[in-house]
Amino acid sequence: MHDKTFSLKPVVLIVDDQVTDLRVLSTAVQDLAEVYIAQNGQQALEIARQCRPDVVLLDIEMPGISGFEVCRALKSDPELLDAAVIFVSAHTQTADELLALECGGVDFIQKPLNVPVARARIKAHIALRKEAKRLANHDALTGLPNRILLQDRTEQALQKARRSHGRVAMLLLDLDNFKVINDSMGHSVGDLVLQKVAFRLSRSLLSEDTVSRQGGDEFIVLLPEVIGFDAVGDFAQRVLATISSPFSIHGNRYDLGASIGISVFPEDSDDMESLYRHADAAMYQAKLSGRNRYCFFSSHIESSMRARHLLERHMRNALEEGVFEVFYQAKVDARHHRVIGMEALIRWRNPDGVLISPADFIPLAEETGLIIPIGKYVLLQACKDTRVLRELGHDISISVNISAVQFREASFLDMVKSILVESGLEARFLELEITEGVLARDIDNARETLSLLKTLGVRISIDDFGTGYSSLAYLKRFPIDVLKIDQSFVRDMLTDKSDSAIIEAIIKLGQALGLELVAEGVETQEQADTLLRQGCQIMQGYLYCRPIPFSQIASFLSSGLNVDVAQTN
Ligand SMILES: Nc1nc2c(ncn2[C@@H]2O[C@@H]3COP(=O)(O)O[C@H]4[C@@H](O)[C@H](n5cnc6c(=O)[nH]c(N)nc65)O[C@@H]4COP(=O)(O)O[C@H]3[C@H]2O)c(=O)[nH]1
């Protein structure tokens with residue numbers, strides 16, 4: 001097929017049965033466009049389907065089909081309707097001009113022609129059409145080709161490769177930590193990041209390659225003339241290096257990574273749709289394998305996708321069958337060697353009795369929305385269990401993880417209220433753990449929800465503090481009670497100077513703002529002693545207690561901190 005959709009030079013089709021008129025018009029526009037000629041309506045429609053004109057100069061009176069009918073036929077063809085039709089006629093009646101406009105014409109030029117004026121008007125229409133095409137085929141934010149243009153180029157590349165037994169590669173690139181920047185620094189910074197990424201990607205390409213933005217932080221690179229897989233791999237590696245060198249925006253440094261999935265025609269895909277689908281599957285595999293890497297599509301990826309779907313189905317069944325469990329990990333006041341609360345941690349026991357870690361299913365639960373019913377189940381169970389323990393005389397509170405997806409749900413607040421009523425737990429004994437990302441996104445709504453929770457009496461803690469793009473302003477602007485120092489800092493605090501410095505800074509910040517501090521992942525007495533010396537008194541970690549089921553927590557609480565639960569989980 002002769003496809004002119006995205007040819008660089010504009011295309012003008014001149015339709016006239018008078019040879020002299022054809023000659024005058026084509027001389028007038030020959031330097032502005034690629035010119036095609038038809039001498040009657042039937043011929044005009046045939047040529048238009050071939051050359052896909054940007055502008056049609058159309059006579060009205062012709063043998064056979066009239067110019068008006070040609071115009072209507074053009075406007076009813078989805079491939080041709082965008083062409084700007086300019087009637088060129090000796091007709092002088094207003095009715096003719098009106099009819100020309102009614103059937104889709106954009107202008108009316110009188111014969112005999114005033115050549116300079118006609119040329120200027122045609123030129124203006126060519127420019128308008130060019131701009132309309134640019135807008136329709138490019139992403140407004142980055143100026144890169146969009147999905148429509150990429151699709152066209154991919155189809156052309158595949159046709160060429162089929163003819164020449166060549167190869168085409170599609171690389172789907174997804175930025176690894178863009179969401180965190182966008183959420184925490186705002187969309188204007190996010191937009192600048194995307195523009196800079198687009199610029200760097202464009203710079204890495206050869207002239208025949210295309211990079212396109214699909215929306216969000218997803219880009220696609222099309223390599224239409226691939227020699228070998230190695231070359232594609234090298235290219236992907238170069239792209240990763242380009243993206244991972246730091247970005248500077250308004251004087252701040254941002255570090256990004258990317259995950260790239262690669263599919264290749266004809267080895268693993270035979271059309272545009274499967275190229276995209278397989279590149280997407282490979283990209284997902286790259287994310288799972290640790291991010292900031294590339295992966296080729298393979299049957300292994302397909303099977304792991306199937307496993308994902310299976311996991312989702314099992315998760316739904318688990319929810320229906322009530323096989324999720326809530327475990328509890330003690331929060332300890334290390335100075336007084338006393339348990340002051342617990343964190344609820346979900347557990348999923350598979351039919352063989354093996355516990356599946358939340359890290360393996362919570363992300364998928366968030367993606368699929370299953371986190372809403374799962375989160376509700378955990379909150380209700382945790383509140384009920386805590387009430388029972390309090391009635392047994394244990395003066396403890398409960399912390400429950402709240403996913404960003406749950407927090408944003410319109411019914412979240414009502415859900416918390418009704419669970420407090422149903423469980424009979426006083427609100428002041430409930431603490432909700434949210435991550436920094438929750439606060440960064442949709443600040444006004446987040447602040448309102450948190451304020452309403454505070455009015456209820458519920459406490460708010462920031463989980464994994466220091467691991468996101470923390471804006472310290474949040475701490476002042478949101479009604480927060482607790483900062484949880486992430487376990488990644490605690491793990492190496494005794495050997496890694498920067499981890500130790502970060503902990504010190506978080507503790508000072510928390511103290512200055514009057515926030516309670518909790519250190520997570522405390523595994524050794526030395527870590528506990530150091531944290532205590534630095535000013536953090538409340539701790540959670542294997543040193544004191546592993547997460548344990550409700551059936552064990554009461555005896556654990558009764559016996560102080562002397563029960564050995566190290567083997568439980
Ligand atoms: N290495 C080490 N690890 C320790 C130590 N002390 C506690 N941990 C583990 O650290 C995790 C702390 O929870 P998190 O940061 O909120 O991280 C949680 C939380 O983000 C999420 N999660 C767990 N339960 C829920 C839930 O009910 N709802 C939601 N939305 N997320 C949950 O899954 C994550 C992982 O949970 P778990 O596998 O239970 O892992 C828990 C806990 O078992 C220690 O001394 N050393």
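I began with the sheet and found that five strands form an open sheet in the order S2-S1-S3-S4-S5, with parallel pairing; strands count as paired if DSSP finds at least two bridges between them, and strands (E, at least two residues) and helices (H or I, at least four) are DSSP runs numbered from the N terminus. I noted that the model is predicted, that local features need pLDDT of at least 70 and side-chain atom pairs pLDDT 80 or more, and that totals for chains, interfaces and linings use all residues. Residues are numbered from 1 along each chain as its sequence is written.

I then looked at the edges, which are strand S2 (34–38) and strand S5 (107–110), each pairing on one side only. Neighbouring strands of this sheet are turned by 20 degrees against each other on average, direction ignored, where axes are lines fitted to C-alpha atoms, for helices over the stretch in contact, and angles run from 0 to 180 degrees between N-to-C directions. Following S3, I found four bridges joining it in parallel to strand S4 (residues 84–89), and Leu58 standing opposite Phe87 in S4. Helix H2 (residues 41–51) packs on the sheet and touches strand S1 (11–15), S2 and S3, its direction making about 175 degrees with that of S1.

Next I looked up Asp59, which UniProt lists, in an unreviewed entry, for "modified residue: 4-aspartylphosphate"; such annotations may be inferred rather than shown by experiment. Asp59 is found in the loop between strand S3 (55–58) and helix H3 (67–75). Is Asp59 buried or exposed? I recorded Asp59 as buried because 27 other C-beta atoms lie within 10 Å, the limits being 20 or more for buried, 12 or fewer for exposed and partly exposed in between, with C-beta atoms placed from the backbone. Leaving aside neighbours within four places in sequence, Asp59 has contacts (C-beta atoms within 7 Å) that include Asp16, Asp17 and Ser89.

I turned to the largest nonpolar core, a set of buried Ala, Val, Leu, Ile, Met, Phe, Trp, Tyr and Cys residues joined through C-beta atoms within 7 Å. Of its 70 residues, Ala344, Ile485 and Met539 touch the most other members, and helix H13 (residues 371–391) gives the most to this core, with seven residues. A second, separate core of 47 residues includes Met170 and Phe265.

Last, I checked the ligand, around which there are 22 residues (C-beta atom within 6 Å), with Ile346, Pro358, Asn401, Gly541 and Tyr542 coming nearest. The largest share of this shell, three residues, comes from H12.

Methods
Contact = placed C-beta atoms within 7 Å.
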